[in-house]
Amino acid sequence: MSELEVAVVGAGQSGLAIGYHLARAGRRFRILERAPQLAPAWRERWDSLTLFTPRRYSALPGLAVPGDPDRYPTRDEVVAYLERYAGTFELPVELECEITTLRPGEDGRFRLELSDGRMLTAGQVVVATGPFQQPYVPAVSERLAADAFQTHAVGYRRPDDVPPGTVLVVGGGNTGYQIAKELSATHGVVLAIGSSQKPLPQRVLGRDLFWWLTKARILDRSVDSRLGRKLSTRDTLIGSSPKELTKRHGVELRPRLVDADGHTVRFEDGRELEVDAVVWATGYRPDYSWIDAPIVGADGRLRHRRGVTDVPGLYFLGLTWQHTRGSALIGWVGEDAEFIAERIARGQDAKTQSPPAGAPAAIRSNERS
């Protein structure tokens with residue numbers, strides 16, 4: 001049985017950001033990742049994905065993203081950056097390390113059971129698995145014909161993988177819009193939008209949107225503030241709009257999808273459509289079934305305050321609106337990571353800790369940039 005001061009679950013942007021701060025504090029920790037490579041959530045995104053935050057606003061603490069700071073990094077550039085980040089700071093990442101159960105012990109330490117039968121203990125745990133956990137596909141998908149092509153956005157890679165014909169993209173968020181745009185060059189595309197989102201331009205008066213949001217300190221507003229409470233209930237489209245999608249890309253917009261029968265789908269307004277393929281850009285749902293601790297309220301939502309739970313020593317990082325609008329964004333997650341790291345360093349929520357033991361070991365992954 002291995003003993004740690006801190007176990008970090010997840011080697012994406014959140015796990016690496018907290019690792020940076022823990023390493024600086026001299027904590028004895030390990031970042032545990034169930035996938036065979038770092039940053040699996042980024043690797044699972046489609047090939048042409050480009051961030052809507054420029055490089056100057058897409059960096060983790062201590063290391064800038066290489067390239068023009070006013071240009072937008074691609075998916076592959078983000079993956080390469082995260083690999084470089086882990087290597088630069090020699091963060092102790094253990095890959096293919098799936099945790100099946102996490103529970104607090106009677107001695108105040110956490111037990112982490114691994115899929116290979118091993119057991120780890122840790123005085124404190126940071127769950128940094130982020131918001132992209134279980135892909136959500138509505139039950140209506142089961143009523144489509146067996147030969148109708150279907151994939152969640154997490155499984156979509158490029159237009160060539162989608163059979164010819166009419167493609168229905170379901171979901172009016174940034175992902176749905178971006179995939180619909182790309183597919184429109186080679187397919188007839190219809191986008192079903194369940195609820196409208198406020199479109200915001202990528203650039204305003206020659207400046208990136210996030211430059212203005214930063215200057216106006218909107219991204220600093222917490223979810224507990226009046227403006228934060230208002231914004232947290234609204235979704236926004238960045239760099240896309242319904243008008244642009246229809247006029248420039250020829251995508252037809254439809255309201256919420258409500259039913260399907262074979263290759264025929266029906267929308268909320270009663271209209272029907274024959275489709276050959278469906279891409280479900282319908283988001284994700286959290287999965288904390290592996291955590292044996294009272295962390296979920298009666299409403300089914302995670303109970304925390306800026307990532308600090310009621311279970312002493314158990315923290316979360318990288319959640320949407322964990323503290324601010326930027327909490328789940330790569331360029332802002334470092335602020336919450338620093339806050340959690342300070343809580344860990346003070347030991348306010350841990351009953352016992354082992355003494356720090358120098359700098360962490362070199363990263364255990366061969367995947368370096």
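In this predicted model, a network of salt bridges links Asp47, Arg75, Asp76, Arg158 and Asp161. The rule behind such a link is that a side-chain nitrogen of Lys or Arg lies within 4 Å of a carboxyl oxygen of Asp or Glu. Under this rule, the structure holds 24 salt bridges.

Three individual pairs show what these links look like. In one pair, the side chain of arginine 111 meets that of aspartate 107, with 2.7 Å from N to O. Arginine 111 has a relative accessible area of 25%, and is therefore partly exposed. Aspartate 107 has a relative accessible area of 38%, so this residue is partly exposed as well.

A second pair joins arginine 254 to glutamate 252, again through their side chains, at an N to O distance of 2.7 Å. Is arginine 254 buried or exposed? Arginine 254 counts as buried because its relative accessibility is 9%, and the limit for a buried residue is under 20%. Glutamate 252, in contrast, counts as partly exposed because its relative accessibility is 34%.

In the third pair, the side chains of arginine 271 and aspartate 269 form a salt bridge of 2.8 Å, taken from N to O. Arginine 271 is partly exposed, since its relative accessible area is 38%. Aspartate 269 is likewise partly exposed, with a value of 40%.

Acidic residues also occur outside salt bridges. On the surface, a patch of negative charge is made up of Asp261, Glu272, Glu274 and Asp276. Residues enter such a patch only if they have over 30% relative accessible area and no salt bridge. Where does aspartate 276 lie in the chain? Aspartate 276 sits in the loop that runs between strand S18 (272-274) and strand S19 (277-280). Its relative accessibility is 33%, and aspartate 276 therefore counts as partly exposed.

Aspartate 336 offers another setting for an acidic residue. This aspartate is part of helix H8, which spans residues 333-346. The relative accessible area of aspartate 336 is 2%, so the residue is buried. Which residues does aspartate 336 contact, apart from its neighbours within four places in sequence? Aspartate 336 is in contact with Arg306, Leu317, Gln322, His323 and Ser327.

Two of these aspartates may finally be set side by side. Aspartate 276 is found in a loop and is partly exposed, whereas aspartate 336 belongs to a helix and is buried.

Technical notes: Residues are numbered from 1 along each chain as its sequence is written. This is a predicted model: local features need pLDDT of at least 70, side-chain atom pairs count only at pLDDT 80 or more; totals for chains, interfaces and linings use all residues. Side-chain values use heavy atoms; hydrogens and water are left out. Patches are made of residues with over 30% relative accessible area and no salt bridge: like charges are joined within 9 Å, nonpolar side chains (Val, Leu, Ile, Met, Phe, Trp, Tyr) within 5 Å. Accessible areas come from the Shrake-Rupley method with a 1.4 Å probe; for residues, only the protein chains shown count as cover. Lys and Arg count as positive and Asp and Glu as negative; His and the chain ends are not counted. The place of a charge is taken as NZ of Lys, CZ of Arg, CG of Asp or CD of Glu. Helices (H or I, at least four residues) and strands (E, at least two) are DSSP runs, numbered from the N terminus. Buried means under 20% relative accessible area, exposed over 50%, partly exposed in between (1.4 Å probe, protein chains only). Contact means heavy atoms within 4.5 Å.
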